[in-house]
Number of protein chains: 2
Amino acid sequence: MEINHGLLIVLSGPSGAGKGTICQELLRQMPNLRYSVSSTTRCPRPGEVDGVHYHFRPRQEFEAMLASDELLEWAEFCDNYYGTPRFAVEQAIQAGLDVILEIEIQGALQIKKRFPQGVFTFIVPPSLDVLSERIHKRGTETEEVIQKRLAKAVQELEYVSEYDYVVVNDEVPVAVDKLKSILVAERCRVKRKPFVFKGEFINETTFT
Amino acid sequence: MEINHGLLIVLSGPSGAGKGTICQELLRQMPNLRYSVSSTTRCPRPGEVDGVHYHFRPRQEFEAMLASDELLEWAEFCDNYYGTPRFAVEQAIQAGLDVILEIEIQGALQIKKRFPQGVFTFIVPPSLDVLSERIHKRGTETEEVIQKRLAKAVQELEYVSEYDYVVVNDEVPVAVDKLKSILVAERCRVKRKPFVFKGEFINETTFT
């Protein structure tokens, strides 16, 4: 990894934890941050724009990307493929931009294998009670679905140990500030500064 | 380590990098931060206050502390002992306070063995040229001493890889903000949240 490369931030967390809101707020506040647009074989829904919400691709094209290892992670849901294009992410990072990905756990673990230098962050609600309250307040799901979601949230927490950071989303601005601090800190990590490892502290070297 | 324990921040870096200024500024800005006062067998200099600048201790007492493993690190310079009392650091941390230590590399490495959960941060000047400029500007040292210092700075950089973070001190306020971000990030690290590891995400659990 080069000195001036951007960071890849991977956000996961239970449904209702508030990943989406945090992600949008970070994108609003950080001009150097880019959202990674996924590719999918499913058809666009009304209002969805190709290249903004997803890259909509024919099945054949997606399978060709799979075959040539062009995806950082992928999965199949309901007979459709979903995946994260590797090239766009790598290109942005090499250009010094940070990239953010909002992704479920299995996808995050695939990315961790291929891109261990990513910043893997798990967003959690302050408690299961708060999560339950938030989902109930929306009023969009049946009690059965809500209970399934809560059970899934508990299961998902088993994977927190695979992540680098856990951020409690109690108040969005506080959680956003924590994520911004995490990015500042990660840029200071010695393991991201190979030139220091080599002791190349010569007159020409700058550390910024 | 318990959930609400404070952090131990260990600052090292070449003479002239600005550790002292950064440390003072952090103490001014963070009411929860405490400075670890070293113990020494040397005599107080004019103006030095026992318990503020150092804990001044008779040689016999210091050797008793050594024998009973009461120091996180220690060294002998010019026939005097210097060391970091373990109890005061541990007591503050257990009370939820953060503790900052400004210490040379060998001491930091001793602490790392005993207290690996510390946040080990290396402060560097933007470049060797800037370091040279800063030392020259002070006008307090001969050219020979300056050259020795610069050579030592280069040597010391070999040890950066033992640290977690490297912070460039170009402008003090920026460096201070980076250190504050590092502390926020460290509090979010999964490895510092053993309760999450155990999957104890029950109704009563809060993550803050």
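How many bridges join strand S3 (residues 39-40) of chain B to S4(B), and do these strands run parallel or antiparallel? In this predicted model, where local features need pLDDT of at least 70, side-chain atom pairs count only at pLDDT 80 or more and totals for chains, interfaces and linings use all residues, the answer is that 2 bridges join S3(B) to S4(B), and the two run parallel. Residues are numbered from 1 along each chain as its sequence is written, chains are lettered from A and ligands numbered from 1 in the order in which they are written, and side-chain values use heavy atoms, with hydrogens and water left out.

Helices (H or I, at least four residues) and strands (E, at least two) are DSSP runs numbered from the N terminus, and two strands pair if DSSP finds at least two bridges between them. Within the pairing of S3(B) and S4(B), B:Ser39 has B:His55 as its bridge partner in S4(B). These strands belong to an open sheet of 4 strands in chain B, ordered S4-S3-S6-S5, with mixed pairing. Strand S4 (55-56) and strand S5 (71-77) of chain B stand at the edges with a single partner strand each, so one side of each is left without a neighbour in the sheet.

Helix H2 (residues 59-67) of chain B lies across S3, S5 and strand S6 (80-85) of chain B, at about 50 degrees to S6(B). Here axes are lines fitted to C-alpha atoms, for helices over the stretch in contact, and angles run from 0 to 180 degrees between N-to-C directions; contact means heavy atoms within 4.5 Å. Helix H3 (residues 86-94) of chain B also packs on the sheet, touching S5 and S6 of chain B, and its direction makes about 20 degrees with that of S6(B).

Elsewhere in chain B, strand S1 (residues 8-12) has 5 of its 5 residues buried, where buried means under 20% relative accessible area, exposed over 50% and partly exposed in between (1.4 Å probe, protein chains only). In a regular strand the side chains alternate between the two faces of the sheet. In S1(B), B:Leu8, B:Val10 and B:Ser12 lie on one side and B:Ile9 and B:Leu11 on the other. S1(B) is joined by 4 bridges to strand S7 (residues 98-102) of chain B, running parallel, and B:Leu8 stands opposite B:Val99 there.

In chain A, the buried residues of helix H6 are A:Ile146, A:Leu150, A:Ala153 and A:Glu156. Seen down the axis of H6(A), these fall within an arc of 125 degrees (taken from the directions from the helix axis to the C-beta atoms), so they line one face of the helix.
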